[in-house]
Amino acid sequence: MDADTDTSCQSNSMAKVYKKSSRNGLIALYLGKRDFVDHVDNVDVVDGVIKIDPSDLAGRSVWVSLTCAFRYGREDLDVIGLSFRKDIWFKHLQVYPPTSEPKPDNTHVQNALLRKTGDDGHPFIFVLPTNLPCSVTLQPGPGDAGKACGVDFEVKAYIAIEADNPDEQIDKKDTARLVIRKIQFAPDKLGAGPKANINKQFIMSEKPIQLEASTEKELYYHGDPIPISVKINNESNKVVKKVKISIEQTTDVVLYSADKYTKVVLCEEFGDQVDPASTLEKEYRVTPLLANNIEKRGLALDGKLKDEDTNLASSTIIRAGMDKEILGILVSYTIKATAVVSGGGILGSLTSSDVTVEIPLVLMYPKPADVSDIILE
């Protein structure tokens, strides 16, 4: 298992504790949560405790590190010396023996953990910069093995003489690791929904087809139906056979190359016909779900903890002035409404062409009522 979950430590702020022990039993890493929220202008501090048995450290120290890394190749290739992992951000702290450096006050999460670990517990805090990417996983194909590509965060407690000496071999039995997620929730203030329209002229037709699409809100939550208002004014001599609604996910991998690609995560057709000199005004409700896209290789998903379900990646929210390159993977969505036009007459399809309009979509999770807003001032 990726972590031992201990529910015996109950408090007003914490329902369970995430714990991972080293194989030799000398250190145990404790966290009160594994999801840390990016509020755009600040990020939840990563606060935890390490329980240490100093009896067999043999003059070594206990350290803790937090790494944000981007993996863009198969994990098994690392074995033959081809590294497809790039550390975006790394920081380490000495936990034991305690140093003389000033330490921040303990958070209430740490105080709860220290009541559990007793005198052997040693707190640590990492302050994440606001320009790091959120956790994103690129969905592997059906035959892919190993760790998925994407951005991940890992807290590691380890026993070593020095914090980061490449010549020092650290045994796996001297380490305890927990993967965490940096996530974003929907902002409290939401703007009005987007609207777009287009007039399409056809050969052999004096007047156009007018198509408009809009949504009431700019942002919708994962799993909720998205109502899309479509208006068609068919002044042409063509027949609109049906209406097609699609949602596309665009993934922009900006860290190591200009790799940008788009995948359709939803496509539904509706048999609403609009004859010449007729109009249509209708609301279509669609719901993009990962369950309908589980075999699409490279689809961006929210960062996944081992053995836990995930969902389509949330839209990336960028603070003004941020360097996009360090964000690793940018995710956005587009709604496309299409009036499918039939060909007719002697020229057939040569005189017909579908009419499509696009509007942006922001897809995120709402902020839960119990999300902690602990920020280190």
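**Exercise 1. Find where Asp 119 lies in this predicted model, and decide whether Asp 119 is buried or exposed.**

*Solution.* Start with the place in the chain: Asp 119 lies in the loop between helix H1 (108-117) and strand S8 (121-126). Next, look at the accessibility. Asp 119 has a relative accessibility of 78%, and the cut-off for exposed is over 50%, so Asp 119 counts as exposed. Finally, look at the neighbours on the surface: Asp 119 gathers with Asp 53, Asp 56 and Asp 120 in a patch of negative charge.

**Exercise 2. Work out which strands hold Val 253 and Val 341, and whether each residue is buried or exposed.**

*Solution.* Take Val 253 to begin with. Val 253 belongs to strand S16, which covers residues 240-253. Its relative accessibility is 2%, and buried means under 20%, so Val 253 counts as buried. In sequence, Val 253 and Leu 330 are 77 residues apart, yet their C-alpha atoms are 6.5 Å apart in space.

Now turn to Val 341, found in strand S20 (residues 329-341). With a relative accessible area of 6%, Val 341 is buried. Here the partner to look for is Lys 241: the two are 100 residues apart in sequence, and 5.7 Å apart from C-alpha to C-alpha.

**Exercise 3. Trace the salt bridges of Glu 269, Lys 282 and Glu 358, and say which parts of the chain each pair ties together.**

*Solution.* A reminder helps here: side chains of opposite charge can pair when their charged atoms come close.

1. Glu 269 pairs with Lys 242, with the closest N and O atoms 2.9 Å apart. Glu 269 is in strand S17 (residues 259-270) and Lys 242 in strand S16, so this bridge ties together parts 27 residues apart in sequence.
2. Lys 282 pairs with Asp 272, with 3.1 Å between the closest N and O atoms. Since Lys 282 is in strand S18 (residues 278-286) and Asp 272 in the loop between S17 and S18, the parts tied together are ten residues apart in sequence. Lys 282 is partly exposed at 36%, whereas Asp 272 counts as buried at 17%.
3. Glu 358 pairs with Lys 336, the closest N and O atoms being 3.5 Å apart. Glu 358 sits in strand S21 (residues 355-364) and Lys 336 in strand S20, so the pair ties together parts 22 residues apart in sequence.

Note on methods:
Residues numbered from 1 in each chain as written. Predicted model: local features only at pLDDT ≥ 70, side-chain atom pairs only at ≥ 80, totals over all residues. Heavy atoms only, no water. Helix = DSSP H or I, 4+ residues; strand = E, 2+ residues; numbered from the N terminus. Buried < 20%, exposed > 50% of the residue type's maximum accessible area, 1.4 Å probe, protein only. Patch = residues over 30% accessible without salt bridge, like charges linked within 9 Å, V, L, I, M, F, W, Y side chains within 5 Å. Areas by Shrake-Rupley, 256 points an atom, 1.4 Å probe, with all protein chains shown as cover. Salt bridge = Lys/Arg side-chain N within 4 Å of Asp/Glu carboxyl O. Lys, Arg positive; Asp, Glu negative; His and termini not counted. Charge placed at Lys NZ, Arg CZ, Asp CG, Glu CD.
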